[in-house]
Structure formats: structure tokens, C-alpha cells
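Reader: I am new to this structure and would like to learn how to read it. Could you take me through it step by step?

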Amino acid sequence: MPAVSKGDGMRGLAVFISDIRNCKSKEAEIKRINKELANIRSKFKGDKALDGYSKKKYVCKLLFIFLLGHDIDFGHMEAVNLLSSNKYTEKQIGYLFISVLVNSNSELIRLINNAIKNDLSSRNPTFMCLALHCIANVGSREMAEAFASEIPRILVAGDTMDSVKQSAALCLLRLYKTSPDLVLMGEWTSRVVHLLNDQHMGVVTAAISLITCLSQKNPDEFKTCVSLAVSRLSRIVSSASTDLQDYTYYFVPAPWLSCKLLRLLQCYPPPEDGAVKGRLVECLETILNKAQEPPKSKKVQHSNAKNAILFEAISLIIHYDSEPNLLVRACNQLGQFLQHRETNLRYLALESMCTLASSEFSHEAVKTHIETVINALKTERDVSVRQRAADLLYAMCDRSNSKQIVAEMLSYLETADYSIREEMVLKVAILAEKYAVDYSWYVDTILNLIRIAGDYVSEEVWYRVIQIVINRDDVQGYAAKTVFEALQAPACHENMVKVGGYILGEFGNLIAGDPRSNPLVQFNLLHSKFHLCSVPTRALLLSAYIKFINLFPETKATIQEVLRCDSQIRNSDVELQQRAVEYLKLSSIASTDVLATVLEEMPPFPERESSILAKLKKKKGPGAVSVAELEDGKRESGELNGGGERGQDAAAMAASNASTPSPSADLLGIRSSVPVSTTPASAGSLLVDVFSEAGPAAPSGAVNDDGFLRDLEQPTETSDPLLVEGSGDSE
Amino acid sequence: MRTLCGSSAANQQLERSWVRLRQGKLRLQKWFVPVSEREKKKVVSDMMMLLLFRQPRTCNFLQWKDLKIVYKRYASLYFCAGLEDQDNELLALEVLHRYVELLDKYFGNVCELDIIFNFEKAYFILDEFLMGGEVLETSKFAVNVSMEQADTLQETVEEYMSKPAY
């Protein structure tokens with residue numbers, strides 16, 4: 001029997017819910033609902049004025065129907081009427097209805113705002129809290145206009161009750177987030193900051209969220225909060241577990257408050273005042289020390305709360321990026337977590353280390369864990385953890401370990417989930433290019449990428465490899481040879497054909513001397529793939545053919561034969577037809593000099609930023625690619641022509657703070673355009689985003705069959721208690 | 001925090017010779033940012049699909065689009081929260097736990113049926129605990145006192161039984 005003894009059970013509602021649950025089919029359910037809706041409609045329209053209890057009951061029923069997933073288009077007026085009732089429960093239901101079914105009917109909004117105003121000025125704390133909650137839940141502009149000036153006053157008034165202050169603080173926060181221009185803090189600033197010193201922990205908890213948000217927008221006005229926050233934090237951290245009474249959570253003192261304080265401190269640079277800074281460092285060291293102590297309780301809640309504070313403290317240390325001692329300790333702590341029993345901790349450790357990896361002080365320390373991370377990549381059962389490991393490998397990659405990391409990422413790619421392959425491909429491409437000392441290794445890597453995950457190799461990647469091959473003389477022969485060998489595989493990906501076609505077209509002459517790769521063999525190899533390819537690829541191949549005619553006059557007859565046949569010159573695709581016809585003509589009437597001039601080797605591409613970085617950034621959102629990487633991207637394009645030493649890496653990395661979002665909008669303001677050439681032109685727009693940005697809509701392919709046949713015949717909703725004593729988080 | 005939902009775990013039934021998967025039912029949903037109804041439905045169904053296919057013994061965190069999702073299963077219910085980038089995941093796990101504790105304290109050995117039949121109470125308790133996506137009050141004692149005070153303004157069991165049943 002549901003909790004009737006808790007009072008306020010509306011009997012009609014309970015009966016209705018039972019009826020719905022007993023419906024055997026969707027149609028029966030809809031029928032019952034419609035019957036009820038008709039009943040309620042008639043009651044609302046009826047002559048008799050409904051008493052408060054009935055109104056409350058019907059409004060609640062409507063709410064239930066709405067939450068089941070059906071649309072409700074009436075009842076708002078009755079809900080608004082409930083607001084002006086004096087009975088708490090009726091008000092409560094009225095407010096709940098309005099919060100859930102927000103309505104932009106202006107008439108009602110006026111009435112709602114009126115009711116709220118009455119409640120706010122009623123001096124009854126329970127009513128005031130209800131009103132504040134409603135404002136926070138709805139947070140519309142009209143409400144902001146009506147109440148934005150009132151709420152700060154309530155917040156700082158001396159006679160406001162603590163519970164109301166809490167609600168007021170978070171309500172103001174919500175209004176500020178939605179309509180920042182209407183919330184003017186000017187005169188209230190110092191009083192709000194002073195709330196950090198309040199006796200009541202709940203008030204401090206609520207006020208901090210507000211202050212954190214305000215500090216992010218107006219750091220100067222609120223900077224007095226830093227010292228207050230530090231002293232509050234050190235009081236909590238050094239308190240015994242019994243001091244804070246009800247604010248101790250499983251033997252951890254005030255975890256939420258501690259984390260919020262730490263997050264507030266992340267809005268500011270390290271404090272300049274020596275005493276404050278000293279106290280803060282001491283705090284952080286205490287937190288790090290506590291992590292090494294044996295736990296006070298076996299419950300997972302205790303360790304979660306303790307570790308939540310630890311991770312937040314580590315975030316702060318990373319943000320400051322100025323205390324080498326702390327950074328190294330943080331790194332070691334994370335290193336310990338990398339091999340922890342609990343998957344959650346391994347996941348979070350990998351995530352935190354990513355940000356740690358870009359700090360100059362701890363970069364070396366992070367690299368020492370490379371074996372653990374590679375092991376995680378290979379052996380973790382959870383795909384989200386594997387993905388974090390891949391991210392970390394990407395972040396910790398530098399000259400010394402690039403070959404190893406790229407090799408590991410390539411082998412991971414062979415078995416990776418489809419949803420993350422594209423991102424992995426981009427990352428491997430970026431790393432290969434960035435750390436290539438020997439460009440033949442780069443070419444090998446990209447061709448491997450195409451071989452392993454060809455479908456996910458976007459255009460930017462293979463454009464890039466072609467750009468690089470064209471610009472570097474030393475690798476052209478190697479590229480031609482490798483591509484030739486790769487094309488001989490019985491089933492090779494279309495992207496490979498594109499790359500192969502282009503490179504052989506340009507540099508086939510470099511390997512033509514060898515009888516196994518003489519011109520005719522090369523042509524036959526390419527042409528054998530011709531009919532398997534899509535139109536843009538075929539267009540590219542046709543251009544390669546005309547280049548062959550120029551490079552290898554002995555193949556002219558064969559190739560012209562191909563161009564002349566009907567499937568080319570009468571091809572239904574306009575582009576292909578045009579190319580076939582024009583190339584055929586060109587080859588027949590142009591003298592060798594003219595032909596040589598027209599089909600001269602491609603000149604080196606001008607320096608430009610890597611569009612791959614742009615694509616990765618676009619995929620992951622701003623902040624995913626640190627400033628250092630973008631600057632490196634710019635610099636490395638200057639090396640396409642064999643530029644100088646990359647001595648500025650470390651400085652650039654140190655200069656950037658990876659945890660703040662990179663102001664990258666203007667660095668990559670112009671997307672780099674595709675090389676201007678007759679090939680490779682895909683019909684249609686160039687640099688088109690072939691893959692949409694949608695996240696994994698389908699579940700990853702990790703469904704295994706034994707999962708389905710478990711738990712047969714279990715009831716839909718059980719009456720098992722949700723909290724079972726002694727059940728920890730089963731691993 | 002952007003959203004908090006509770007949904008029943010899916011039920012797999014063997015009917016004749018094929019297996020039918022019934023998607024979980026949403027028991028509780030709270031949105032802390034303005035989102036259109038269509039968007040809400042889509043997000044919920046996507047999240048439920050992701051959760052239902054999670055293997056056992058995996059971690060409680062997921063990355064989905066630009067949201068971090070933290071979830072935990074309690075008996076037949078999944079509770080999940082959609083977090084923004086800067087939110088602390090472990091703490092969110094404890095937020096979910098604290099919420100279930102609050103429900104437990106109020107209902108006494110709470111089970112899914114309690115949440116179905118007293119859905120409005122579940123929302124009221126949530127309101128005492130979270131506001132605008134932030135933690136409002138972490139003291140279990142204080143929240144309980146609030147709820148008790150509200151309840152003293154209610155009627156008694158006798159009055160309840162004398163109410164109409166329609």
C-alpha cells in the first residue's frame with residue numbers, strides 16, 4: 001500500500017494511478033486517460049465552484065497524465081487559482097503544475113507573477129520558498145523582469161530566515177544565468193560575498209554557487225571572496241569528522257561545500273597575498289595527504305565523497321599550474337588511481353591526467369605512466385575508459401614517444417567502436433604529422449589509417465598527406481612505391497585509390513624504372529579499380545590517366561583507347577564525360593611541349609594551417625584543442641618545406657593553460673581552402689563535412705547476447721527497496 | 001547540472017520464441033535548463049538507449065554529445081544526471097545517492113511503487129535538495145524537517161479514507 005500515512009494522499013488520485021497501471025494495453029490506457037480528461041474538463045467547467053481539495057486533486061491528475069507523456073492543454077487557470085489558496089498543499093501542487101507546464105500565455109503570466117509577489121511579501125518562510133522555487137524552475141524573462149530587483153534584497157536582509165536565504169541565492173543564480181542583464185549586483189556585491197562567512201552551512205553552500213557564477217563574469221568585483229573562501233576551506237579540511245554534525249557525509253566533512261569552494265578558487269589565479277597562498281597550499285597538501293590515509297569507512301559513498309574533493313583539488317592545482325611540488329604529487333596520486341580497483345576512479349584519473357599532460361611541470365611525470373595507459377587501452381572492458389585512455393595518449397604524445405603511441409593507437413583503431421573511429425583517425429593523423437621526423441613514417445601511418453579505417457578517413461586527412469608528399473621531394477619516391485604496393489591488395493579502400501591515383505599520377509615516373517612497376521603495370525593497376533569507385537574517384541583517376549600520357553608516352557595508345565570507349569565519352573555523369581572528352585582531345589592535338597606544360601608537376605602548396613585540427617576542434621567543441629596545439633599547427637605548416645627545428649614546443653605548451661577554453665575562434669577564422677588544382681576535385685563542394693556531428697545515436701556495438709536472456713520474467717516495477725543495507729557499489 | 005531523471009530498468013520478456021525488449025518507463029524527470037518538449041523526449045529516449053545497453057561492471061560515467069552523464073542503478077530504477085563540463089562527476093554520483101537516501105528517509109524503505117504513487121512528493125523532495133541544478137541543502141536532517149513540517153499541514157488517515165475515490 002503506498003504511503004498513505006504521510007497524509008495528503010489524494011485518494012482519487014491513487015485510484016486513478018492504479019487504474020492506469022492495471023491497463024493491459026496502450027489503447028486501454030489511452031481510453032482511461034481520455035475518460036478522466038473528459039471528467040476533469042466537465043468538473044472544471046461545471047456550475048459548482050470546486051473546493052480546494054478537489055481542485056488540487058484534479059490538477060494533480062492532469063500533472064500525472066502529462067508526465068506519462070500526453071499533452072495537456074487545459075487546467076492552467078485552475079492551477080493558477082490554487083496559488084492564491086491559503087492551504088500549503090494546494091499552493092504546492094499549483095506551483096508544481098506551473099513549473100512543469102510552463103505556459104507563455106501572457107494573461108496567466110501576469111496572474112502567476114502576482115501570486116508570486118504576494119507569496120514573497122507574505123513573511124511566511126514556507127510560502128516564500130515555494131515562490132522562489134517556482135521562479136527558479138521557470139526562470140523566464142518576464143519573471144526576471146518582475147523579481148530581479150526584489151530577490152537580492154531578500155537575500156541580504158538581516159531578518160530573512162536561513163532557508164529562505166538559501167533559496168533566494170540559487171533563485172538569483174538561475175535568473176542571472178538566463179537574463180544576466182536584468183540582475184544588477186552593484187550595491188549588493190559586498191553583502192553577498194560576506195555570506196561566505198555565514199554560520200549556517202546551508203546558506204554558504206547555496207551562496208557559493210551564486211558567487212562562483214558571478215565571479216566568472218565580473219572577477220574584479222568579487223575578488224575579495226578568495227581569501228574568505230580559503231579560510232572557510234581550511235576550517236573545513238582541518239575539522240574533525242564530528243565537528244560539522246549533519247553536514248558530515250559518511251565521515252567526510254562537508255564534501256559539497258568543499259568542492260564548491262575549490263571550484264570557486266578555480267575562477268581566480270593563485271592568491272597574491274603570501275599568507276592566504278600559504279594557507280591554501282597547506283589545505284591542498286592536507287587533502288592530498290588524506291588520500292593516502294586508510295579510509296574511515298568501507299562504504300563506497302565515503303570514498304566517493306573523499307575522492308570527489310581530491311579530484312577537485314587536483315583540478316585546482318592544475319589550474320594554478322605554478323607549484324611544481326603539488327603538481328608532481330597530483331600526478332603521482334592520479335597514477336595510483338590508474339590502477340585502482342574501481343573503474344570510476346580509473347576513468348576519472350585518465351580524464352584528469354589529460355589536462356595534467358599539457359602542463360610543462362608535470363608533462364614528464366605524466367609520461368612515466370605510458371605503459372599503464374597503453375595497457376588500459378588494450379585491456380579495459382569499458383569502452384568509455386578505453387576512450388579516455390586514447391585521449392590521454394594523444395595528450396601525452398611528444399617527440400620521444402610518438403612512434404610508440406601512434407603504433408598503439410593504430411592497433412586500437414582496428415577494434416575500436418565505430419562511433420569514435422573518426423575522432424581517432426583525426427588524432428592519429430595530427431600526431432603523425434606533428435612528430436614526424438622521417439616523413440616516410442608519416443606516409444606509412446596515413447596509408448595504414450586508410451587501410452584500417454578507410455571509411456572514417458575524412459577528406460582533410462588524405463588531402464593533407466598529398467599536400468605533404470608534394471611539398472617534400474625526399475618522400476615522393478617512397479610514397480609512390482608504398483602506394484603502389486598498397487593498391488595491389490585485393491580489397492583496398494576507395495580512399496586508397498584516390499591517394500594512389502593522385503600520387504602515381506604525379507610521381508609514377510619515380511618508380512617506373514622497376515619492371516614490376518612499369519608504366520603499363522601502374523595504369524592497369526589503377527584501371528582495375530576504376531569500375532569499383534564512385535564518381536569523384538573516377539574523375540580523379542581520369543586526371544591521373546592524362547598525366548600518365550604526359551609522363552609515359554608509350555602508354556598513350558592504351559589510355560586513349562580507354563578514354564575513347566563509350567562508357568567514358570558517353571558517361572551519364574557530366575563531369576566524367578567532360579573530362580574524358582577533353583583529355584582525349586588534349587592528348588591527340590597537343591604537342592609534347594604543350595602537354596608537358598599543362599600537366600607539369602604540381603607546385604608546392606602554400607603554407608597553411610592544418611585543417612585537420614580545425615575539424616577535430618569542431619568535432620569536440622571549443623576547448624578540446626589547446627592553444628598550444630593550434631599554434632603548433634600553424635607553425636608546422638611552415639615546416640612543410642623542410643623548415644627548421646621545433647625548439648619552441650615547450651615554451652608554447654607552458655604558455656598555454658589547457659584547462660581554459662582556447663580563444664581559438666580567430667586563430668582558425670578562415671578554414672583552409674582545398675588546394676587549387678584540377679584534381680582531386682570531388683564533384684560538389686570541397687572540404688565538405690562528410691560525417692555529421694551527431695553523437696552516437698545507436699548504442700555501441702557492445703551488446704552481447706547473454707545480456708538479453710538474463711532476468712527473465714521479472715516484474716516491471718518491483719517493490720524491492722532501492723536502498724539495501726550493506727550493498728556497496730558492486731564492481 | 002542540466003537534468004535529472006529516474007527510469008525503470010527495462011524488462012526483457014521471452015514471448016513465444018523471440019525476445020521482446022520493453023523500454024524503461026520514465027518515472028521522474030527534472031530539467032534545470034529551458035528545453036522544448038520535443039527535445040526533452042529525444043534526449044530522454046537517447047539516454048535510456050545508451051544506459052540500457054551498458055555492460056555490467058562498467059563505470060558510472062558516459063560522455064554523450066557535450067553532456068557528461070552520471071548514472072546509478074538502484075534496484076529497478078536507474079537514476080541519471082546530465083552534467084555540464086565543469087561539474088564534478090563523483091559528487092554527482094553522491095547527489096544521486098543522497099536523493100535516494102532522502103526518499104528513503106521520507107517513505108521508509110522506499111521502492112519504485114512509492115515513487116509512482118507519490119510522484120508529487122518525489123518532486124517536492126527534489127526541490128528541497130536541488131535548485132536550478134545546484135545543491136541547495138546537503139543536510140539530511142534539514143530536508144527531512146522541511147518535509148515533516150509540510151506534512152503536518154496535511155490531513156490525517158481518517159480524513160483521507162473519507163475522501164471520494166474518484
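Author: What follows is a friendly walk through confidence, helices, burial, cores, rings and single residues. This is a predicted model, in which local features need pLDDT of at least 70 and side-chain atom pairs count only at pLDDT 80 or more, while totals for chains, interfaces and linings use all residues. Residues are numbered from 1 along each chain as its sequence is written, chains are lettered from A and ligands numbered from 1 in the order in which they are written, and side-chain values use heavy atoms, with hydrogens and water left out.

Reader: What is the mean pLDDT of chain A?

Author: pLDDT is the predictor's confidence in each residue, from 0 to 100. For chain A the mean is 80, and 83% of its residues reach 70 or more. Over residues 622-715 of chain A, however, the pLDDT is below 50, although this stretch has 143 contacts in the model beyond near neighbours in sequence; a contact means heavy atoms within 4.5 Å. Residues 726-731 of chain A also stay under 50, with eight contacts beyond four places in sequence. Among the elements of chain A, helix H14 (residues 255-265) has the highest mean pLDDT, 92, and helix H36 (residues 649-655) the lowest, 35.

Reader: How many helices and strands does each chain have?

Author: Helices (H or I, at least four residues) and strands (E, at least two) are DSSP runs, numbered from the N terminus. Chain A has 37 helices and two strands, and chain B has six helices and nine strands.

Reader: How much of each chain is buried?

Author: Buried means under 20% relative accessible area, exposed means over 50%, and partly exposed lies in between (1.4 Å probe, protein chains only). In chain A, 56% of the 731 residues are buried; in chain B, 63% of the 166 residues are. As for contacts with a separation of 6 or more, residues 24 or more positions apart account for 70% of them in chain A and for 49% in chain B.

Reader: Why can helix H21 of chain A be called largely enclosed?

Author: Because 12 of the 14 residues of H21(A) are buried, the rest of the structure largely encloses this helix. Among the buried ones are A:Arg386, A:Arg388, A:Asp391 and A:Tyr394. You can check its length too: the expected span of a helix is 1.5 Å times one less than its number of residues. For H21(A) this gives 20 Å, and its end C-alpha atoms are 20 Å apart, which agrees. Helix H27 (residues 494-507) of chain A also has an expected span of 20 Å, in agreement with the 20 Å between its end C-alpha atoms, and 13 of its 14 residues are buried.

Reader: Where does A:Asp398 lie, and what does it touch?

Author: A:Asp398 lies in the loop between helix H21 (383-396) and helix H22 (402-413) of chain A. At 13% relative accessibility, A:Asp398 is buried. Leaving out residues up to four places away in sequence, A:Asp398 touches A:His363, A:Lys367 and A:Tyr435.

Reader: Is A:Tyr418 buried or exposed?

Author: A:Tyr418 is exposed, with a relative accessible area of 57%. This tyrosine is found in helix H23 (residues 418-434) of chain A. Between A:Tyr418 and A:Phe44 there are 54 Å in space, C-alpha to C-alpha, and the two are 374 residues apart in sequence.

Reader: Which residues touch the most other members of the largest nonpolar core?

Author: A nonpolar core is a set of buried Ala, Val, Leu, Ile, Met, Phe, Trp, Tyr and Cys residues joined through side-chain atoms within 4.5 Å. In the largest one, with 279 residues, A:Ile116 and B:Phe79 touch the most other members. Helix H2 (residues 89-107) of chain B gives the most to this core, with 12 residues. Not counting residues up to four places away in sequence, the contacts of A:Ile116 include A:Tyr95, A:Met143 and A:Phe147. A second, separate core of 16 residues includes B:Val43 and B:Tyr78.

Reader: How many aromatic pairs are there over all chains?

Author: A pair of aromatic rings is described by the distance of the centres and the angle of the planes. Rings of Phe, Tyr and Trp (its six-membered ring) pair if their centres lie within 6.5 Å; planes under 30 degrees apart count as stacked, over 60 as edge-to-face and the rest as tilted. The whole structure has 18 such pairs. One of them joins B:Tyr106 and B:Phe107 edge-to-face, at 5.0 Å centre to centre and 85° between the planes. B:Tyr106 is buried at 2% relative accessible area, and B:Phe107 is buried at 10%. Ring pairs also link A:Phe16, A:Phe64 and B:Phe119 into a cluster.
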